Structures are given as C-alpha cells and as structure tokens.
Amino acid sequence: MYKEILRGLNRLKVKKTAFKITKSPMEITYKKHGTTIYFSGSDGIDDTKGIIDEDKPIKLVILDELTEFFDDGEGEDELTNIEATFVRGNSSGFQMIYLYNPPKNPNAEINQWCKKMEKRDDCIHIHTTYKDVPIEWLGQDLIDSAEEMEKTDPKMYRWVWLGESTGIDDAVYYMFNQSHIKENKEGQRFSIIAIGGDYGQQNATTFQAAGLDMGNKQLKGLDEYYHSGRESGRQKSPSEYAQDFVQFVTSLGERYGTENVHFYLFLDPSAQGLQEEIKRACRGANVPVSIRNAENDVKLGISRVQKMLALHLMSISSSQEWAMNEFQTYEYDKDSIKKGKEEPVKIDDHCMDAIRYLVMGMWTKIKPWLPVLERED
C-alpha cells in the first residue's frame, strides 16, 4: 500500500515535495495541514489499535488484500473489530474502504461477507476493472494481454480481468487441452532445467522436468520419471530413487542441456530422507543439482499453474504421459466447493503436485512473462 500511494501521487501528478515521506516509521504526511497516512499490517484483531492517537483521530481506514483476512486471519470477526476500534470516538466523517479481488468461488467467505455488507444502509459496493482507469496507467501491453486471454479462455478472462466470481469447475485445470502438448524442436537446448519431485512410500514417486526458454518466454515440459510401488508390485527405497534421479538428470543433460546447464530440484518438503539420498548420489556421480524444499501452498500453486496454462506460457511433452492423464482428471472435491473452500481430491495427483512445485520454485524467473497485474508483486 505504501508503494501504491507513492505511485498514485505520480499518476495524479502531485508533487512529492508537498509531503514528508518516511519509512521508519512508515508514514506520509501532508506538510501544509499535518495530516498523515499511517501504514500497518494486521496479523490479529489487536494489531491496529496502537496507531490510534487521541489528538489526531483517524478519519479514513483502507484495508487492502481483504481475502487474506479470511484465508489467514479471523475473517469477519477481525474486520468487525477493526471497524469498531476506529469508529469509536469519531464524531463525523469517518470512512472505511475495503479492497479485494473476488475469488472464483461465489461461496467463498469473503463473497458472503460482501453480500451482507451490501445490505447495510451505510455501505456502497463499487466494482471496478482494468477498463476503468486510463490506459497509460497500465500500458498497452497489459491491455493486449487481457484481450488475448479473452480470446483463448473467456472464463479465466472474466475472473482475472473483470473480477467476476465465475464459479469453480470440477476440473482444476479445465483450460488444459491438446494445444498444451508440444514437442521441443530438435536440438533445442536449455541453460536452466527445473524438476519438481513428489515422493510416496506406498504411492507413486515422480520427477517432472521442464526447460526455461527465456527467449520465447515458455516453460517447456521435457520428460518425466514415474514409479508406483502399488501398481508395479515393487517398492523402491530412497537410495534407489536417488540413483534413478541421477540417471534421469544425466539423460536430460545429454538431450536438452547446454554446456553450462543448471539443474534445480524442488522436492516434496516431507521427503527429507529422499533429499539427503539424492544429495549424496549427485555428489558421488558429480552431477551438480541445486536442491530446494518445494513451496507447498496448494491454492497459490494451483492459481499460478492455471495462469501459465491460460496464457499458454507452459506446455508438456508427449513423453509426460502420467502428467497428461492427471491434467485431465485432477478435480476439486465437490463438497469443499459448496463450503467455499475448494480443495483438490487427493487421488492420482502426484504429477500435479510435482508440476506445482516446479512452477512455484521457478516463479521469480517466469513471472516477468506474465501481464503486470498477474505477477503478484
């Protein structure tokens, strides 16, 4: 919000010299009248009480990224408490502004809260989109990206760009189709190859690999490793999986790597034993791989993979047969959708977890390919 306010001053052509702008404490003060904008996080109901000054009553409170209050906080209870805290002692003219991007699911808690707020006589609900601001604030490239998504995936466009709660499809990756299955050009090489790994003792273990084509802004699927003890009738030990991983990486390097190729592995964070075995095996075989614990935020990871697919920024190869099948069968639990908390069915999702780990791990490198508003900066 601090950066957004400063950006707003530039857009409105207001001179920054008219303000005293500090970072510690984080405040912006209008010199002429001494009115001040304070910035505060809210990790709990009582966090914002400390900025109240009896001599300088707060007249406007802006809460941004409101969905986080419901996803990670105490939801409506926290918002009600913040309102009561600041309205207390204000004789007149007090306002609150709530800002958020509506979730897809109409049953989401924040959407239900919004409907309740609309019934209040003192509340005005304003819905805005990228079409409501000057083009120069966004840039023509962003407008072009939005229009391209409107052509390729109208439903995703309505949610991402128009802020409509379009509803949750049973299929998580409903936008996945034949156009996302592409073969790499013969001889194409990659300086960065990323691998997502999901580990199971009884269930399947898989490694899903993709190369970063920085020139064409594409995350290109290369190959997969997949073994299921339940289906094959033979369980493998972590040390065996580690040896298989070394062979997998060696093969990828020979087929797709440049002379200075860099490998990344983003591994299931619960697989610490396997991670140690892979480190040991890679050292022994002199195969350099940067190994990281995968970031396991399922909701955020799914959202990022959906964006990459909808904008046709990622593909898989025909050799990734298990991933191809899962993309088409991976779905949400219907009961969770009704409750406003969409959760994927935890069946046959090993490739989907691995690919989600891969996208999350490479996000800082691939997010510049996305339209500005989709980068989550």
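How many of the twelve residues of helix 14 are buried? The count is eleven of twelve, and the helix is mostly covered. This note takes up that helix and several other features of the structure, which is a predicted model.

1. Overall picture. The chain has 377 residues, and 44% of them count as buried. Its secondary structure comes to 15 helices and eleven strands. The C-alpha trace spans about 75 × 45 × 40 Å along its principal axes. There are 18 salt bridges in the structure, and three of the pairs are taken up below.

2. Helix 14. This helix runs over residues 350-361 and has twelve residues. From first C-alpha to last it reaches 17 Å, close to the 16 Å expected at 1.5 Å a residue. The buried residues are His350, Cys351, Met352, Asp353, Ala354, Ile355, Arg356, Tyr357, Leu358, Val359 and Met360. The list includes charged residues, Asp353 and Arg356 among them, and both of these belong to the network described next.

3. Salt-bridge network at Lys346. Lys346, Asp349, Asp353 and Arg356 are linked in a network of salt bridges. Within it, the side chains of aspartate 349 and lysine 346 meet at 2.7 Å, N to O. What is the relative accessible area of aspartate 349? The value is 3%, so aspartate 349 is buried, the cut-off being under 20%. Lysine 346, by contrast, has a relative accessible area of 59% and is therefore exposed. The bridge thus joins a buried aspartate to an exposed lysine.

4. Salt bridge in helix 10. Glutamate 277 and arginine 280 form a salt bridge through their side chains, at 3.2 Å from N to O. The two are separated by about one helical turn, because they lie three residues apart in helix 10 (residues 272-284). Glutamate 277 is partly exposed at 25% relative accessibility. Arginine 280 also counts as partly exposed, with a relative accessible area of 46%.

5. Arginine 120 and aspartate 122. A further salt bridge joins the side chains of arginine 120 and aspartate 122, with an N to O distance of 3.0 Å. Is arginine 120 buried or partly exposed? Arginine 120 counts as partly exposed, at 29% relative accessibility. Aspartate 122 has 59% relative accessibility and so counts as exposed, the cut-off for that class being over 50%.

6. Negative surface patch. Glu65, Glu68, Asp72, Glu295 and Asp297 form a negative patch on the surface. One of these residues, aspartate 72, lies in the loop between helix 2 (67-71) and helix 3 (75-87). Aspartate 72 counts as exposed because its relative accessibility is 69%.

7. Nonpolar surface patch. A second patch is nonpolar and consists of Met1, Leu60, Ile62, Ile97 and Leu99. Together these residues have about 370 Å² of accessible area. Leucine 99 is in the loop between strand 5 (95-98) and helix 4 (109-118). With a relative accessible area of 35%, leucine 99 is partly exposed.

8. Cis peptide bond. Which peptide bond is cis, with omega near 5°? The bond runs from serine 24 to proline 25. Proline 25 sits in the loop between strand 1 (19-23) and strand 2 (26-30). As background, most peptide bonds are trans.

9. Positive phi at lysine 13. Lysine 13 has phi near 60°, a positive value in a residue other than glycine. For comparison, most residues other than glycine have a negative phi. Lysine 13 is placed in the loop between helix 1 (2-11) and strand 1. Its relative accessible area is 73%, so lysine 13 is exposed.

10. Positive phi at lysine 217. Where is lysine 217 placed? Lysine 217 is in the loop between strand 7 (204-213) and strand 8 (218-228). Its phi is about 55°, again a positive value although the residue is not a glycine. Lysine 217 is partly exposed, with a relative accessible area of 42%, whereas lysine 13 is exposed.

Notes: Residues numbered from 1 in each chain as written. Predicted model: local features only at pLDDT ≥ 70, side-chain atom pairs only at ≥ 80, totals over all residues. Heavy atoms only, no water. Patch = residues over 30% accessible without salt bridge, like charges linked within 9 Å, V, L, I, M, F, W, Y side chains within 5 Å. Areas by Shrake-Rupley, 256 points an atom, 1.4 Å probe, with all protein chains shown as cover. Salt bridge = Lys/Arg side-chain N within 4 Å of Asp/Glu carboxyl O. Lys, Arg positive; Asp, Glu negative; His and termini not counted. Charge placed at Lys NZ, Arg CZ, Asp CG, Glu CD. Helix = DSSP H or I, 4+ residues; strand = E, 2+ residues; numbered from the N terminus. Buried < 20%, exposed > 50% of the residue type's maximum accessible area, 1.4 Å probe, protein only. Expected span 1.5 Å × (residues − 1).
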